[in-house]
Amino acid sequence: QNILTILNIPLKVHGEIYGFIGFDDCTTDREWSQDELSVLSSLANNIANAIERTESQQKIINSERNFREMNETIDDVFWLYNIEKSRVDYISPSCQTLLGCSQERFYKKHDVWRDYIIEEDHHLIHQAHDDIFNNGYYEVTYRIRLNGQIRWIFEKSFAIVNDDGTITRNTGLSSDITENLKNQLELERLLELTSIQNQRLTNFAHIVSHNIRSHSSNLSNLIEVIQDSPCPEDQKLYMSLMKKSTDKLADTIHNLNEIITIQSSQQLETKKLNLHEEIHQTIHVLSIEIQRIGAKVLNDVPENIYINFVPAYLESILLNFLSNAIKYRHAERKLQITFRIQKVNKYWKLSISDNGLGIDLNKHGHKLFGMFKTFHKNSSGRGIGLFIAKSQIEAQGGRVEVNSEVNVGTTFNIYFRDDNS
């Protein structure tokens, strides 16, 4: 049949034209009445609404399917907790792997977390519960015991609020951060090891510079004395002193070489050292300078005192304090330096006293042991000796203190650990 009249009404779905619905008349060529238009438009609207509902339902189905597929594949645990009914409304299947509890146990027992979180961390969960009501969210890290091992879990949760502002549920995500923590701890260990190695390298460079400089200066002084002395007997004596100085220099190089060979180890090797003998050797190293200025050095440390210490460090420390006392002597009186020892709890306190220029501790005390800090007009002072000494003393578990008065003198008290106490 031939169509005499046709009417097309658009179908609008979600505000956009989805298609058209057509009506025709094969019997009469006519205009459509208002009642017919209203009925047919209402029919088109109903069809459009049905299409919208179908699409929305399909989106919900697809969304739920995607959500469940995602939750079934990710390692983290997603969960939804009903606060009003004290129950778990949903938890992803990965709870079995991550937390060691099945979905069924979570659905049946609302406080199942007590079964896997170690008891010492239960208070963290109670605090997190309070935070949901006080702040609307929480972040917490706690430990669980899984297959006999401790695992670290990071959990983040947000409150779900209904129309009247009441918190009825909260949702969250739980993640195993054990491996991340292990990696972080390993990184921190490596950073600490790097810092220690850098400090050792700095210490080593300072020891080489300071100790060998002291020996070199002593040998130079001996050569000058030998050259200026016409007496064969005196020259023989000075050559004997030079031999001792070169032997001591060889010992220093040996000790430094030992440090190089063990730099890869975490602890520098300590040895049982006779403190009286070490002080005696240090006095000998600087003997020419001591004789030149007419100084008096007393070693009142008994011969039976031993300490466990890194040999190169102890040599550097004693050289630093003795050379400092010589360097900053008072011009108007003869220098006197005294080494004394005293037992203080679990430490041997070595006191090195002089009657030199002294230091204004009120003015300079806070920076006394700083690097490149000098406090007297002395062109030969480089300001690293005390810094080196303090670093080496503390590296071996000791400490150093100072008492000083300007124009009276200075006493440095070095505390060495007594490992036998």
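Visitor: What percentage of the 421 residues in the protein chain is buried?
Guide: This is a predicted model, in which local features need pLDDT of at least 70 and side-chain atom pairs count only at pLDDT 80 or more, while totals for chains, interfaces and linings use all residues. Residues are numbered from 1 along each chain as its sequence is written, and side-chain values use heavy atoms, with hydrogens and water left out. Buried means under 20% relative accessible area, exposed over 50%, and partly exposed in between (1.4 Å probe, protein chains only). Of the 421 residues in the protein chain, the buried ones make up 41%.

Visitor: How many helices and strands are there in the protein chain?
Guide: Both are DSSP runs numbered from the N terminus: helices are H or I with at least four residues, strands are E with at least two. Counted this way, the protein chain has 12 helices and 14 strands.

Visitor: Which residue of E2 stands opposite Leu 7?
Guide: Strand E1 (residues 5–13) and strand E2 (residues 16–25) run antiparallel and are joined by nine bridges; strands pair if DSSP finds at least two bridges between them. They form a hairpin with two residues between them, and His 14 in the turn has a positive phi of about 55°. Leu 7 is on the covered face of E1 together with Thr 5, Ile 9, Leu 11 and Val 13, while Ile 6, Asn 8, Pro 10 and Lys 12 make up the uncovered face. Opposite Leu 7 in E2 stands Phe 23.

Visitor: Which strands stand at the edges of the sheet E4-E3-E7-E6-E5?
Guide: This open sheet has five strands and antiparallel pairing. Two of its strands have a single partner strand each, so one side of each is left without a neighbour in the sheet. They are E4 (87–91) and E5 (137–146).

Visitor: Which residue in E4 stands opposite Trp 79?
Guide: Strand E3 (residues 77–82) pairs with E4 in the antiparallel sense over four bridges. The residue in E4 that stands opposite Trp 79 is Ile 91.

Visitor: Which helix packs on this sheet, touching E5, E6 and E7?
Guide: The helix has a direction at about 160° to that of E5; axes are lines fitted to C-alpha atoms, for helices over the stretch in contact, and angles run from 0 to 180 degrees between N-to-C directions. Contact means heavy atoms within 4.5 Å. The helix, residues 122–135, is H5.

Visitor: Why is one side of E9 and of E13 left without a neighbour in the sheet?
Guide: The open sheet concerned has five strands with mixed pairing, in the order E9-E11-E12-E14-E13. Strand E9 (296–299) and strand E13 (399–405) stand at the edges, so one side of each has no neighbour, and each has a single partner strand.

Visitor: What is the bridge partner of Leu 350 in E14?
Guide: Strand E12 (residues 347–354) is mostly covered, with seven of its eight residues buried. Eight bridges join E12 to strand E14 (residues 409–417), and the two run antiparallel. E12 also pairs with E11 over eight bridges, in the antiparallel sense. In E14, the partner of Leu 350 is Ile 414.

Visitor: Which residue in the turn between E11 and E12 has a positive phi?
Guide: E11 and E12 form a hairpin with two residues between them. The phi in question is about 55°, and the residue is Asn 345.

Visitor: How far apart are the axes of H10 and H12?
Guide: Helix H12 (residues 385–395) packs against H10 at an angle of about 145°. The crossing is left-handed, meaning that the near helix is turned anticlockwise from the far one by less than a right angle; clockwise would be right-handed. The axes of H10 and H12 are apart by 9 Å.

Visitor: How many charged residues does the contact of H10 with H12 have?
Guide: Among the residues making the contact are Tyr 313, Ile 317 and Phe 321 of H10 and Leu 386, Ile 388 and Ile 393 of H12. Ala, Val, Leu, Ile, Met, Phe, Trp, Tyr, Cys and Pro count as nonpolar, Asp, Glu, Lys and Arg as charged, and the others, Gly among them, as polar. The contact has eight nonpolar residues and five polar ones, and the number of charged residues is none: there are no charged residues.

Visitor: Which residue with a positive phi follows H12?
Guide: The buried residues of H12 include Leu 386, Ser 391 and Gln 392. After H12 comes a residue with a phi near 85°, Gly 397.
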